[in-house]
Amino acid sequence: MMMSRSAMKLLSTATVRTIHGGGEFRQGFFALGARNLSSTVSAVREKPQTEPGSGSGSAAGHRSFEGGDKSVVSYWGVAPVKLTKEDGTEWKWSCFKPSETYKADVSIDLGKHHVPGVWTDKVAYWGVKMLRLPTDIFFKRRFEMRAMMLETVAAVPGMVGGMLLHCKSLRRFEHSGGWIRALLEEAENERMHLMTFMEVAKPRWYERALVFAVQGIFWNLYFVAYVISPKVAHRVVGYLEEEAVHSYNEFIKEIDSGNIPNVPAPAIAIDYWRLPPDSTLRDVVMVVRADEAHHRDVNHYASDIHYQGLQLKEFPAPLGYH
Ligand SMILES: [Fe+2]
Ligand SMILES: [Fe+2]
């Protein structure tokens, strides 16, 4: 028997209830507000609740999820997975899982440089060099802030490139060779750099405004550049990563000279890079710099593939290459 849409809606809202301070009321149109609320809570902890008179409750029944002093009520009850570290203690990060952690390969050659040959390489190279100028003027030798700013930009190309390759794969009914995932991994890795430096550098309001403006411009510019010429886009990122390695070299020099205190490593960095518990900021900058060198290689490699008239999908992407 068919049930009308309004009848279904009525039934749906009638089954949703919330409990506040022991009082109970039927939710009705508040269900919509509760669903919206559910998207605003980032770190949630499940707190199953049993509906009065319903016995032991059910998986599809009403559940409340708590995160700090916030709580969310959702009929759908998607329970977060409880994770533990290798030593059995609670995993406290909601933004990445233990399976995504790794030990950085710090033996990578940091001094490698792609010598610009053709004119497009030269445009990419000098374009990136010119971008360094305003950064030098704005941040001077505040390398923790430079790092934070750099990471807000560096996390964009992988996401844009991965998204465009994803759409291309759909349009053309073809495999990507793993490059979608490789570029998204790079974006995620860069974002984790940002999450780490957020712990040691607190941006001022005008620095936040700058990030906002730069992201708006850079995202769109990179999108257009990747659509027109992926080989130049990847080359630009290759040179950006070379500059990132240089910036982190300078960061380490500042720590070694005592201008930047070598504070204990943030807990998120210790877990993400599987660092020893007594690691310091210098150790963190070392592993981040190694990541940048890996990104440099991946992007120059991708650009080289295009320059030779080949397609990325023909060469397996370096997945998990950190
Ligand atoms: Fe980075
Ligand atoms: Fe990078």
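Which protein donors surround the iron ion (ligand 1), and at what distances from it do they lie? In this predicted model, the donor atoms are two OE atoms of Glu151, an OE atom of Glu190, ND1 of His193 and an OE atom of Glu292. These donors lie 1.9 to 2.5 Å from the ion. Along the sequence, the donor residues follow the spacing E-x38-E-x2-H-x98-E. A second metal, the iron ion (ligand 2), is placed 3.8 Å from the iron ion (ligand 1), and glutamate 190 coordinates both ions.

Two of the donor residues come from separate helices: histidine 193 belongs to helix H5 (residues 179-197), whereas glutamate 292 belongs to helix H9 (residues 281-307). The pair therefore ties together parts that are 99 residues apart in sequence. Histidine 193 is buried, its relative accessible area being 0%. Glutamate 292 is likewise buried, with a value of 0%.

The largest nonpolar core comprises 33 residues. Those touching the most other members are Phe96, Phe197, Tyr248, Phe251, Trp273, Val284 and Val285. Two or more residues of this core are contributed by each of helix H4 (143-172), H5, helix H7 (230-256), helix H8 (267-272) and H9. Helices H5 and H9 thus recur here, having also supplied histidine 193 and glutamate 292, respectively, to the iron site.

For phenylalanine 96, contacts were examined with neighbours within four places in sequence left aside. On this basis, phenylalanine 96 is in contact with Trp91, Thr101, Met192, Ile268, Asp271 and Tyr272. Another core, of 24 residues, lies apart from the largest one; its members include Val160, Leu165, Leu183 and Leu240.

Note on methods. Residues are numbered from 1 along each chain as its sequence is written. Chains are lettered from A and ligands numbered from 1 in the order in which they are written. This is a predicted model: local features need pLDDT of at least 70, side-chain atom pairs count only at pLDDT 80 or more; totals for chains, interfaces and linings use all residues. Side-chain values use heavy atoms; hydrogens and water are left out. Donors are N, O and S atoms within 2.8 Å of the metal (3.2 Å for Na, K and Ca); water is not among the atoms, so sites may look incomplete. Helices (H or I, at least four residues) and strands (E, at least two) are DSSP runs, numbered from the N terminus. Buried means under 20% relative accessible area, exposed over 50%, partly exposed in between (1.4 Å probe, protein chains only). A nonpolar core is a set of buried Ala, Val, Leu, Ile, Met, Phe, Trp, Tyr and Cys residues joined through side-chain atoms within 4.5 Å. Contact means heavy atoms within 4.5 Å.
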